[in-house]
Amino acid sequence: MTQLTVAKAINAGLARAMEENPKVMLMGEDIGSLGGVYRVTEGLKSRFGAHRVLDTPLGEAGIVGTAVGLAERGYRPVCEIQFDGFTFPAFNQITTQLAKIHARSDGQLTVPVTIRIPYGGVIGSVEHHSESPEALFAHTAGLRLLAPSNAQDAYWMSQQAIACDDPVIIFEPKRRYWLKGEVDEKTSPGDPFKASVIREGEEATIVAWGPLVPVALATAEAAREDGRSVEVIDLRSLSPIDFDTVTASVRKTGRLVIAHEAPTFGGLGGEIAARVTERAFYSLEAPVLRVGAYHLPYPPAAVEENYVPDLDRVLEALDRSFAY
């Protein structure tokens, strides 16, 4: 076992994938000599060369469009979108081209492109640097979405995404890049598209992903001090979603709170709530509750901690659930 930050775990995962397959290449703004804004790709250009770690122009549509062509020629490109809010210039390439080529070609073409997106807020950044656009991509068939919350998943999901023949977007929780954790570099944690029960409980379930997982765990611990037993599920995959694991938990606990950084309105929490209600209606002791950001543009850094969910807001939702 190795102690790594989430950022260093991604770096190590990318390096291992590049060692094992010479067709893996990295593309993005400032990812070479600088090592990326968050230094996630630091040292990889000197190790693998400028022909495999490419500093691109400031043009996200061009980055993804080029990656599509490379993938059709047998490469496995990994694109870094420098910040979540910069994804939108590439939205057409991702949703119109990348997501549809396999189906459009009746399965004859594959586009194994991985897109890394540092996402979420609470980093004190400026406008367009703190978005949570996962619902926009989850709504698009043909894409797989992963959201690691810890170093172990960050290390292995990087490699599993690259090895996948489908296009995969990895939403990397930028405010957790410096979170340390143990990484087993020998034993894979298994299917990246399966949710994980990371804390057992009997009376309620909290589902979260990415940057909100530590908040969910802290909420469950606070509830324990009040005599409540709360189960926590790290969803891990946002498309496909492992509804079986979530439903099994809710059938046991009878209550569900879903927490995510994205705005509640139109967020993935709504889809999860609907599916669980359809599947486990007679097991529910209370309505499924959602906790997310407000339906507003992401605010200035001075007030962003009032915008995204924190322990108090998730705990308040739990209290409302127990009040039924």
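Tyrosine 119 stands opposite proline 173 in strand 7, within a model that is predicted. The pairing involved is that of strand 5 (residues 114-119) with strand 7, parallel and spanning six bridges. Strand 7 belongs to an open sheet of seven strands, and a further open sheet has five strands. The largest nonpolar core holds 72 residues, and the structure contains twelve aromatic pairs.

**The seven-stranded sheet**

- The strand order is 3-2-4-5-7-6-12, and the pairing is mixed.
- Strand 3 (53-55) and strand 12 (237-239) are the edge strands; each has a single partner strand, so one side of each is left without a neighbour in the sheet.
- From one strand to the next, the twist averages 20 degrees.
- Strand 4 pairs with strand 5 in the parallel sense over three bridges, and valine 78 has threonine 114 in strand 5 as its bridge partner.
- Helix 7 (residues 151-163) packs on this sheet, where it touches strand 2, strand 4, strand 5, strand 6 (144-146) and strand 7 (168-173). The direction of helix 7 makes about 165 degrees with that of strand 7.

**Strand 7 and its surroundings**

- Six of the six residues of strand 7 are buried.
- Val168, Ile170 and Glu172 lie on one side of the strand, and Ile169, Phe171 and Pro173 on the other; both faces are covered.
- Strand 6 runs parallel to strand 7 and is joined to it by three bridges. Arginine 144 stands opposite valine 168 in strand 7.
- The charged end of arginine 144 also sits over the ring of phenylalanine 193, at 4.6 Å from its centre.

**The five-stranded sheet**

- This open sheet has the order 9-11-10-13-14, again with mixed pairing.
- Its edges are formed by strand 9 (196-199) and strand 14 (289-293), each of which pairs on one side only.
- Neighbouring strands are turned against each other by 25 degrees on average, direction ignored.
- Strand 10 (residues 204-208) and strand 13 (residues 256-263) pair in the parallel sense over three bridges. Threonine 205 has leucine 256 in strand 13 as its bridge partner.
- Helix 9 (residues 243-253) lies across strand 9, strand 10, strand 11 (230-234) and strand 13, and runs at about 175 degrees to strand 11.
- Helix 11 (residues 311-322) packs on the sheet as well, touching strand 10, strand 11, strand 13 and strand 14. Its direction makes about 165 degrees with that of strand 14.

**Alanine 208**

- Alanine 208 is placed in strand 10, and it counts as buried because its relative accessibility is 0%, against a limit of under 20%.
- Neighbours within four places in sequence aside, alanine 208 is in contact with Val213, Ala216, Ile233, Asp234, Leu235 and Ala259.
- The C-alpha atoms of alanine 208 and serine 46 are separated by 37 Å, and the two residues are 162 residues apart along the chain.

**Nonpolar cores**

- In the largest core, the residues that touch the most other members are Ile115, Ile169, Trp209, Leu235, Val246 and Ile272.
- Helix 1 (residues 6-20) supplies the largest share of this core, with eight residues.
- Another core, of 21 residues, lies apart from it; Ala204, Val230, Ala259 and Leu318 are among its members.
- Valine 246 touches Val207, Ile233, Leu235, Leu256, Ile272 and Val276, when residues up to four places away in sequence are not counted.

**Aromatic and charge-ring contacts**

- Among the twelve aromatic pairs, tyrosine 38 and phenylalanine 83 are arranged edge-to-face, at 5.7 Å centre to centre and with 65 degrees between the planes.
- This pair links distant parts of the chain, 45 residues apart. Tyrosine 38 lies in the loop between strand 2 (24-28) and helix 2 (44-48), and phenylalanine 83 in the loop between strand 4 (76-80) and helix 4 (91-98).
- Both rings belong to buried residues: tyrosine 38 has 16% relative accessibility and phenylalanine 83 has 8%.
- Ring pairs join Tyr38, Phe83, Phe86, Tyr177 and Trp178 into a cluster.
- Lysine 23 lies over the face of tyrosine 75, at 4.4 Å from the ring centre.

Terms used:
Residues numbered from 1 in each chain as written. Predicted model: local features only at pLDDT ≥ 70, side-chain atom pairs only at ≥ 80, totals over all residues. Heavy atoms only, no water. Core = buried A, V, L, I, M, F, W, Y, C linked by side-chain atoms within 4.5 Å. Buried < 20%, exposed > 50% of the residue type's maximum accessible area, 1.4 Å probe, protein only. Helix = DSSP H or I, 4+ residues; strand = E, 2+ residues; numbered from the N terminus. Contact = heavy atoms within 4.5 Å. Phe/Tyr/Trp six-rings, centres within 6.5 Å; stacked < 30°, edge-to-face > 60°. Lys NZ or Arg CZ within 6 Å of the ring centre and 35° of its normal. Pairing = 2+ DSSP bridges. Axes fitted to C-alpha atoms, helices over the stretch in contact; angles between N-to-C directions.
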